[in-house]
Amino acid sequence: MDFLALFRKIGFKSAKFVKLTGFKSSPYTEGALFYAEKPRVVQEKDVVRSQEDALKAYAEFHGLTFGPGVLDLKTKYLIALGASLAAGCDP
Amino acid sequence: MTLDLTEQEMALIRQGIKDKYTQVAAAGSGCCFQYPIGEEGMRLQGYLKDLIQDFPKTVLDSFCGVGNPFSLGPVREGEAVLDIGCGAGVDALVAAKMTGPKGRVVGLDVTAEMVQRARANLFRLPSLTNVSFQVGDAESLPFPDDEFEVIISNGAYNLALNKEKALKEAYRVLKPGGRLMIADMVLVAALPPEQAGKVANWYQ
């Protein structure tokens with residue numbers, strides 16, 4: 001019976017035969033050590049990490065938009081609120 | 001390797017496994033195996049002395065594994081561990097020491113007498129409060145999905161009739177990122193034809 005083939009078929013990763021254990025239970029059989037892992041689910045923080053540059057650029061854009069300028073902060077927020085309502089943004 | 005077994009053959013094998021390990025549980029492992037087990041077996045397989053130094057000899061001598069699953073990696077503090085085919089429970093008790101009071105260990109075995117033996121061994125180690133044992137089948141694990149950080153098994157999967165089903169179950173109850181650490185028997189030489197009888201040889 002091939003543990004490694006089964007592991008891969010089922011979806012385990014990092015599956016490996018590590019070594020024989022020296023326990024010879026008969027002239028034909030021996031103990032063996034196998035290791036495998038269930039893959040991690042991709043989590044939000046993994047997505048965030050992979051999008052770090054884009055998110056950094058967006059944060060900078062956001063900061064500059066709402067930073068000091070010709071319009072005051074209250075006016076900028078009201079414009080932003082109006083735009084989001086018109087676009088139908090879901091909070 | 002695929003084996004075509006009739007329903008009758010499978011039933012015979014299942015009963016044979018239960019009968020054999022019931023006998024082992026009652027008589028002690030020395031009755032039925034040809035290889036070093038017990039305290040000597042644990043020493044040969046490199047079980048860490050400081051983990052088992054307070055285990056009574058009677059507990060150590062009930063060990064009949066084919067390797068040391070913990071040599072594949074430690075159990076970390078606080079982890080939930082499942083031992084599939086736990087037998088008299090020695091590996092589960094070692095895991096309980098490693099995971100500590102914040103973790104927990106469940107030992108599962110298809111033979112009721114082995115579970116009783118494991119509970120008796122646990123009774124001899126009153127400091128361990130994070131272990132439990134129950135009867136159950138590797139092919140149909142009585143646990144929810146994504147339950148355990150670690151699954152260990154020592155000499156049990158070779159007895160399973162449907163290994164793919166049993167390993168799928170292990171996958172199901174492991175948490176994402178969880179680890180499977182198995183010691184089991186493999187064929188290292190071809191069986192001579194007269195020994196290749198499927199039923200009698202299944203759990204020899």
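In this predicted model, buried residues account for 44% of the 204 residues of chain B. The chain contains 8 helices and 5 strands, and a walk along its sequence gives the pattern α-α-α-α-β-α-β-α-β-β-α-β-α. Of the contacts in chain B with a separation of 6 or more, 72% join residues 24 or more positions apart.

A good place to begin the tour is strand β1(B). Here 5 of the 5 residues are buried, so β1(B) is largely enclosed by the rest of the structure. In a regular strand, side chains alternate between the two faces of the sheet. Both faces of β1(B) are covered: Ala80(B), Leu82(B) and Ile84(B) are buried on one side, while Val81(B) and Asp83(B) are buried on the other.

The neighbours of β1(B) come next. β1(B) pairs with β2(B) in the parallel sense over 5 bridges, and within this pairing Ile84(B) stands opposite Leu108(B). To get from β1(B) to β2(B), the chain passes through α5(B), and this β-α-β crossover is right-handed. β1(B) also pairs with β4(B), again in the parallel sense, over 4 bridges; there Asp83(B) stands opposite Ile152(B). Strand β4(B), residues 148-154, pairs in turn with β5(B) in the parallel sense over 6 bridges. In that pairing, Val150(B) has Arg179(B) as its bridge partner.

Helices accompany these strands. α7(B) packs on the sheet and touches β1, β4 and β5 of chain B, with a direction that makes about 150° with that of β5(B). Helix α5 of chain B (residues 90-99) lies across β1 (80-84), β2 (104-109), β3 and β4 of chain B, and runs at about 170° to β2(B).

Taken with its partner chain, this sheet has a wider setting. It is an open sheet of 7 strands with mixed pairing, in the order β1(A)-β2(A)-β5(B)-β4(B)-β1(B)-β2(B)-β3(B). The edge strands are β1 (13-20) of chain A and β3 (131-135) of chain B, each of which pairs on one side only. From one strand to the next, the twist averages 15°.

Where do the two chains join within the sheet? Strand β2 of chain A (residues 29-37) and β5(B) pair in the antiparallel sense over 9 bridges. Among the residues involved, Phe34(A) has Ile182(B) as its bridge partner in β5(B).

The contact between the chains can also be described residue by residue. In total, 32 residues of chain B are in contact with 29 residues of chain A. On the side of chain B that touches chain A, the elements giving two or more residues are α7 (163-173) and β5 (174-187) of chain B. β5(B) gives the most, with 14 residues. By residue type, this side of chain B divides into 19 nonpolar, 7 polar and 6 charged residues.

Chain A has a division of its own. It consists of domain 1, covering residues 3-37, and domain 2, covering residues 44-87. The C-alpha centres of domain 1 and domain 2 of chain A lie 53 Å apart.

Definitions and conventions
Residues are numbered from 1 along each chain as its sequence is written. Chains are lettered from A and ligands numbered from 1 in the order in which they are written. This is a predicted model: local features need pLDDT of at least 70, side-chain atom pairs count only at pLDDT 80 or more; totals for chains, interfaces and linings use all residues. Two residues are in contact if their C-beta atoms, placed from the backbone, lie within 7 Å. Ala, Val, Leu, Ile, Met, Phe, Trp, Tyr, Cys and Pro count as nonpolar, Asp, Glu, Lys and Arg as charged, and the others, Gly among them, as polar. Two strands pair if DSSP finds at least two bridges between them. Axes are lines fitted to C-alpha atoms, for helices over the stretch in contact, and angles run from 0 to 180 degrees between N-to-C directions. Domain bounds come from an automatic or database domain assignment. A residue is buried if 20 or more other C-beta atoms lie within 10 Å of its own, exposed if 12 or fewer, and partly exposed in between; C-beta atoms are placed from the backbone. A crossover is right-handed if, with the strands pointing away from the viewer, the path from the first strand over the helix to the second runs clockwise.
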